[in-house]
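Hi there,

Here is the structure I promised to pass on to you. Have a look at it first, and then read on for what turned up inside.

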Amino acid sequence: MADPSVDMPVLPKESSPMANTNSLSVKATLLLSSALTPLATAAIAPSLPAMQVHFSSFDNADFWVRYVLTMPALFIVVGSPIAGYIVDRFGRKHLLVIASVIYGIAGIAGFFLDSLAAILASRALLGLAVAGVTISTTTLVADYYQGGQRVAFLGLQAGFIGIGGVLFFTLGGFAAQINWRFPFLFYLCGWLIIPAITRFLPGPRRRLAKEEKYEAATEAPLSLYFLAFIYGCAFLSQVAFYFIPVQIPFYLKTIGSVQEARSGLALAFTTLCSAFASISFRQIRKRLSFIVLLALSLGFMGSAYIGLALSNNYRLVLLSLIPAGVGLGLLIPNLTVWISQILPESIRGKLIGGLSAFFFLGQFVSPFVSQMMSKTIGLQGAYKLVGAGLVGISVIIFIFQEQLNHKAS
């Protein structure tokens, strides 16, 4: 049998296509681009109660107004596989620029439109743009960095997304207190980072056909059990977590007269806890395995919901939100690093697109689930049930961690 190494190219490290990917300007541009993702929902979340009043004549306004928040998620699900194909076939940087342009147009539309149906349509377009931004930035990070650098940067990226959420939840709350339309102006941030993208981000080195053929021949097959497990956890975590931004503004009104600004601060506080956890992810990952971190993340989130169900004032709600933020802050980089660690470059965009699709599919489904549960058993009952379910799943994962690791390998 012929030696497979004969005439095969010596492949450079794909994660560092150019020497300047470690520059501050490249890292700052990637982080600022990543911050556009939380803006898609964070800025307008505190506006929902006032928006519901404004569109009270619209049939089922209480239901559809909640979907103004998560309509982008459905179209991120639709757009993520397409974006994954585009970044693998045509390049990451071009998609990021185009998506940022569309992001600004679709985002600001809500400031001008006076039809709930039209706003929902603009939010759908925004979702397609967010899919392009999310997949291209995450894939660029995986291209530029590897090993410990990749773990550190993905944790930093998740932390920066959290910090962006803090900023936008807070500003959105104060802006919504003036007028529910004002938070839509924040989407102009999509246009502000385009010059930095075009100037500072290098395009990954294009590989020769011979290199791609060699990589395909030497790739280890991916485990379908692994993908199903990771994607399932991504979906479940977002269905559960979005009980907070979708329902907390309404839940706070049931336990006291809480203004939109304080609702925004509560959501910002959750996101701040998430950001700190994500930034600490690299150090925590050194001590704990992926599977143990997953179990802990879901356990933290479950305990938060049980705490929310037992809270009867604003301060107790804030305390209960701490483990929810910590759990999500560890879960997102944990799943992203876990899956990117075993992805070959040739299909990296597609599978990261799949992960993103399941994250956002969970976000889209969450309002339907939470609204149905709250009408059936009340918001307190819904939080109790979801909390108990997450804690139970966490315990099962922890007990069967070896078997699950084996299935995922």
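Before we get to the cavities, one bit of vocabulary: Ala, Val, Leu, Ile, Met, Phe, Trp, Tyr, Cys and Pro count as nonpolar, while Asp, Glu, Lys and Arg count as charged, and the others, Gly among them, are polar. With that in hand, the lining of the largest cavity sorts into 16 nonpolar and 17 polar residues, with no charged ones.

Please keep in mind that this is a predicted model. The mean pLDDT of the protein is 82, and 87% of its residues reach 70 or more. Two stretches call for care. Over residues 1–19 the pLDDT is below 50, and that stretch makes 29 contacts in the model beyond its near neighbours in sequence. Residues 206–220 also have a pLDDT below 50, with 20 contacts counted in the same way.

Now for the cavities. How many of 30 Å³ or more does the structure hold? There are 3.

The largest cavity has a volume of about 670 Å³. It is lined by 33 residues, and those closest to its centre are Thr 37, Ile 161, Ile 332, Phe 360 and Gln 363. Two or more lining residues come from each of these helices: α2 (36–42), α6 (116–144), α7 (147–178), α11 (224–241), α13 (260–279), α16 (314–340) and α17 (345–399). Which of them gives the largest share of that lining? That is α7, with 7 residues.

The second largest cavity holds about 40 Å³ of space. Its lining is made up of Thr 37, Ala 40, Thr 41, Leu 69, Pro 72, Ala 73, Ile 76, Phe 360 and Gln 363. At least two of these residues come from each of α2, α4 (61–89) and α17, and α4 supplies the largest share, 4 residues. By class, this lining has 6 nonpolar and 3 polar residues, and again no charged ones. If you colour Thr 37, Phe 360 and Gln 363, you will find them in the lining of the second largest cavity and also among the residues closest to the centre of the largest one.

Finally, a word on cysteines. The structure holds 0 disulfides. Is Cys 233 buried or exposed? Cys 233 counts as buried because its relative accessibility is 8%, which is under the 20% cut-off. Cys 189 has 27% relative accessibility, so this residue counts as partly exposed.

Enjoy exploring, and write back with any questions!

Best wishes

Terms used. Residues numbered from 1 in each chain as written. Predicted model: local features only at pLDDT ≥ 70, side-chain atom pairs only at ≥ 80, totals over all residues. Heavy atoms only, no water. 1 Å grid on protein atoms, 1.4 Å probe; cavity = no way out; pocket = protein on both sides within 12 Å on 5 of 7 lines; lining within 4 Å. Points joined across faces, edges and corners; volume = space filled by probe spheres on them. pLDDT = per-residue confidence, 0-100. Contact = heavy atoms within 4.5 Å. Disulfide = S-S within 2.5 Å. Buried < 20%, exposed > 50% of the residue type's maximum accessible area, 1.4 Å probe, protein only.
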